[in-house]
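Subject: Structure handover

Hello,

Here is the structure I said I would pass on. My notes on the interior follow it.

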Amino acid sequence: MLCLSVCSRTLKRFPKQKVKSLKSSVCVIRCKMQAAILGDENIAEIEGIHYESNSLTWLHKCAPAFPIDGSKVTIFHEPAKFYAALLEKCRNSKKRITLASLYIGTGEMEKELINSIKKSIESNCGNIKVTILLDYMRGSRGKVNSRNMLKTLLKGEVGNHCNVFLYHTPRLRGLLKALIPDRFNELIGLQHMKLYVIDDTLIISGANLSNDYFSNRQDRYFMFEDCKELCDFYCDLVNRVSEFSFQLNSDGTDYWNENSFHPVESSNDVFVSEASDKVRSLFLKEINKRSDLHKQDLKEDTWVFPLVQMGQLNIRHDSQITLQLLKTAQAGSVLRLATGYFNLTTNYKEAIIDSCRAECHLLTAHPEANGFFRAKGVAGGIPAAYSKIENSFFELCKKFKQDQRIKLWEFMKPGWTYHAKGLWYSMPGQQKPSLTLIGSPNFGYRSVERDLETQVALLTTNKNLQDSLQKEYEHLFNSAEVVTSSTFQQKERIPPAWVRVAVLLFRYYF
């Protein structure tokens, strides 16, 4: 594999023997990074990468680094503004629209969004290329579904400029696929990335393209404008996933590209190997190209590092970066973490309780703000299941005498559900965050092992952007209350016996 060349001016300072040794060391580090991105080795154990949490410069060796102007980043607090931005950007698009989501809803707001895309294609004489990536199972659920909604973009002249892809997990196959009913088959694995590229603007979020995510389902929404290279990267990522996904026909059926291995009919190992190579090669190319950019005298004040997690394809990049951030958070710093579904992995829990030295505030949904609250059937027990897991973590913090350093919060806003996830990190001596994670992962077992996820790490020295980050987390925490021992003693918070059993048996599936 190719290694990055070392700056020639630096090499002149060393005798030939030392230069050769330095080149070898750099090569070894790079090759080990490549293995780590595939999940074959732990990033934290690679010698030669120093994890100074007060600078976070180690991120440049572990993820593609895109320098941007911090003034080009807009943070929305409300879903209505997220929807308005999507509409406005799609209506005025000139060259490309690339959308990746779990699904697209079937209501009037979704129809308006689709119509705005169609009109942009027509008004620009077909100069716009549209690519949409959804999950196969979630996008096919029910008689009226995402497939039906998107058929209009695949008909006539408009259809010559639009492609819709449906990612199907390779783990759902054979007897398992035949026996598991709709909705429950989504537990096996999903396409869960939420990123929206319009021309040279990227909107990244945890929100899907559905009515409640446009109205009263609280999430996070970042818009990066005038960032062509970052948008090119994410369009390339979506295109590569699309290469091993089904493609939608104008009649709502789908077909498979015979040039790729089939996710259900071919060998699982062969499919995973081919698919992971496509994603891995993109990340390694960009890391190698960009890892030394921060040493140059650039005018930009903000860095964006795309992270990817595809456990079903043996790619565990995001979880390793996140774990390293948690482990190296220093005393005197403040770490705020949010998830719509509280089910931290064992590694994340151990890092927060044992290794992390920062003051920690963990925000999640109150059961009544959970999207499954009062759902019919088994799904109605999901809020109680997450509450049980949250209680277990609370007790664990008390057991190890970390309950003063680690605080749990629950979001509760009348008429709203909660879906926001991410992380804000304020370094020692700083009140405002200089780093955030924003995207689709929930920091749980699903995100790490079952779904396709992406988020970005944003690192900034821009004071106005730091102010915006502070206002963002304050907006969320202002609708939350801190958790105490009495929280879980309330009658309505005591989970039924069947929920406690379900948590023991199935917590790795949600």
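A cavity here is a set of grid points where a 1.4 Å probe fits but cannot get out, and its lining residues have an atom within 4 Å of a point. Please keep in mind that this is a predicted model.

Cavities

The structure holds four cavities of 30 Å³ or more. I describe two of them below.

The second largest cavity contains about 50 Å³ of space. Its lining consists of L99, I104, L113, I114, I117, I132, L134, L150 and L209. By class that makes nine nonpolar residues, with no polar and no charged ones. Both α5 and β4 (129-135) supply at least two residues each to this lining, and α5 gives the most, with three.

The largest cavity has a volume of about 70 Å³. Around it are G340, Y341, F342, T364, A365, H366, P367, N370, P383, Y386, S387 and E390. This lining is mixed in class: six nonpolar, five polar and one charged. At least two lining residues come from each of β15 (359-365) and α14 (382-399); the largest share, four residues, is from α14.

Nonpolar cores

The largest nonpolar core has 99 residues, and L202, F224, Y234 and M310 are those with the most contacts inside it. Helix α10 (residues 228-243) provides the largest share of this core, eight residues. Apart from it lies another core, of 50 residues, which includes W303, L323, C360 and L362.

What does F224 touch, leaving aside residues up to four places away in sequence? Its contacts are I68, K72, V73, D200, T201, L202, I204, L230, V304, V456 and L458. Among these is L202, also named above for its contacts inside the largest core.

Single residues

Helix α5 (residues 108-123), which appeared above with the second largest cavity, also holds S120. S120 has 1% relative accessibility and therefore counts as buried, the cut-off being under 20%. Not counting residues up to four places away in sequence, S120 touches C90, R91, N92, S93 and I128.

Are C62 and C162 buried or exposed? C62 has 0% relative accessibility, so C62 counts as buried. C162 is at 2% and so counts as buried as well. On cysteine pairing there is little to report: the structure holds zero disulfides.

Regards

Note on methods: Residues numbered from 1 in each chain as written. Predicted model: local features only at pLDDT ≥ 70, side-chain atom pairs only at ≥ 80, totals over all residues. Heavy atoms only, no water. Disulfide = S-S within 2.5 Å. Buried < 20%, exposed > 50% of the residue type's maximum accessible area, 1.4 Å probe, protein only. Core = buried A, V, L, I, M, F, W, Y, C linked by side-chain atoms within 4.5 Å. Contact = heavy atoms within 4.5 Å. 1 Å grid on protein atoms, 1.4 Å probe; cavity = no way out; pocket = protein on both sides within 12 Å on 5 of 7 lines; lining within 4 Å. Points joined across faces, edges and corners; volume = space filled by probe spheres on them. Nonpolar A, V, L, I, M, F, W, Y, C, P; charged D, E, K, R; others polar.
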